[in-house]
Amino acid sequence: MTRLLLTLLLCWFGASAGVAPQEPGSPTFAAFDVFVDSGNKALGAWQFEWVVKAGNAKIVGVEGGAAAAFAQAPYYDPAALQSGRIVIAAFSTQKDLPVGRTRIARVHLLIGSGASPQFEVQLHACADGQGEPLAATVAWQKMESK
């Protein structure tokens, strides 16, 4: 009973002071930006695979990219979100397609305690505005929190 009362008091005063208690090893959220570099060609379509290779992380969401052509959320299987592997793709028929290095998506992860997660990102397909195969590279980086 005393322990319950103490817990309630700590929660009350912690909440009223605007400070939430943080438990060590509690899960955190992180966002990773994914980029494709199409060189000097217009980027019309892409498909990549994101795999959690090691560590305690789950994919919990996917957002669109920076260019208007890929601003909408890309295509993916929602059932894959809770697994450690997801295939994400998009295409655009717009006239103003991005050229060069472009953020195509943002992948959100829930990272649990333990060792830092390890990821692998592979570009499976890439095409220009006419649907012709395109040599491109993929890169990703953790989004800085503000």
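Buried, in this talk, means under 20% relative accessible area, and partly exposed lies between that and 50%. Phe119 has a relative accessibility of 15%, so Phe119 counts as buried. Please keep in mind that the model is predicted.

Let me stay with Phe119 for a moment. The ring of Phe119 pairs with the ring of Trp140 in an edge-to-face arrangement, with 5.6 Å from centre to centre and 85° between the planes. Those two values are given because a pair of aromatic rings is described by the distance of the centres and the angle of the planes. Phe119 belongs to strand S6 and Trp140 to strand S7, residues 137-142, so this pair links distant parts of the chain, 21 residues apart. Is Trp140 buried or partly exposed? Trp140 has 34% relative accessibility, so Trp140 is partly exposed. Ring pairs also bring in Phe32 and Trp50, which form a cluster with Phe119 and Trp140.

How many aromatic pairs does the structure hold? The count is nine. One of them is Trp46 with Phe48, a stacked pair with 5.5 Å between the centres and 25° between the planes. Both Trp46 and Phe48 are buried. A ring can also have a charge over it, as with Phe35: the charged end of Arg101 sits over that ring, 3.8 Å from its centre.

Now the sheet. Three strands make an open sheet in the order S4-S2-S6, and the pairing is antiparallel. Which strands stand at the edges? They are S4 and S6, the latter covering 118-127; each has a single partner strand, so one side of each is left without a neighbour in the sheet. From one strand to the next, the twist averages 15°. Between S2 and S6, which run antiparallel, there are nine bridges. Phe48, from the stacked pair, has Leu123 in S6 as its bridge partner.

Next, the core. In soluble globular proteins, nonpolar side chains tend to be buried together. Here the largest nonpolar core has 29 residues, and the members that touch the most others are Trp46, Phe48, Trp50 and Leu109. Two or more residues come from each of S1, S2, S3 (57-63), S4, S5 and S6. S5 gives the largest share, five residues.

Last, the charges. The model has two salt bridges. In one, Arg106 meets Asp33, and the closest N and O atoms are 2.6 Å apart. Arg106 lies in S5, residues 99-111, while Asp33 lies in S1, residues 28-42; the two are 73 residues apart, and the pair links distant parts of the chain. Where do these two side chains stand on accessibility? Arg106 is buried at 15%, and Asp33 is buried at 8%.

The other salt bridge joins Glu49 and Arg85, with 2.4 Å between the closest N and O atoms. This pair too links distant parts of the chain: Glu49 is in S2, residues 45-54, and Arg85 is in S4, residues 85-91, 36 residues apart. Glu49 is buried, at 11% relative accessibility, whereas Arg85 is partly exposed, at 46%.

To go back over the strands: S2 holds Glu49 of the second salt bridge, pairs with S6 through nine bridges, and is among the elements that give two or more residues to the core. S6 holds Phe119 and stands at an edge of the sheet.

Technical notes: Residues are numbered from 1 along each chain as its sequence is written. This is a predicted model: local features need pLDDT of at least 70, side-chain atom pairs count only at pLDDT 80 or more; totals for chains, interfaces and linings use all residues. Side-chain values use heavy atoms; hydrogens and water are left out. A salt bridge is a side-chain nitrogen of Lys or Arg within 4 Å of a carboxyl oxygen of Asp or Glu. Helices (H or I, at least four residues) and strands (E, at least two) are DSSP runs, numbered from the N terminus. Buried means under 20% relative accessible area, exposed over 50%, partly exposed in between (1.4 Å probe, protein chains only). Two strands pair if DSSP finds at least two bridges between them. Axes are lines fitted to C-alpha atoms, for helices over the stretch in contact, and angles run from 0 to 180 degrees between N-to-C directions. Rings of Phe, Tyr and Trp (its six-membered ring) pair if their centres lie within 6.5 Å; planes under 30 degrees apart count as stacked, over 60 as edge-to-face and the rest as tilted. A charge sits over a ring if NZ of Lys or CZ of Arg is within 6 Å of the ring centre and within 35 degrees of the ring normal. A nonpolar core is a set of buried Ala, Val, Leu, Ile, Met, Phe, Trp, Tyr and Cys residues joined through side-chain atoms within 4.5 Å.
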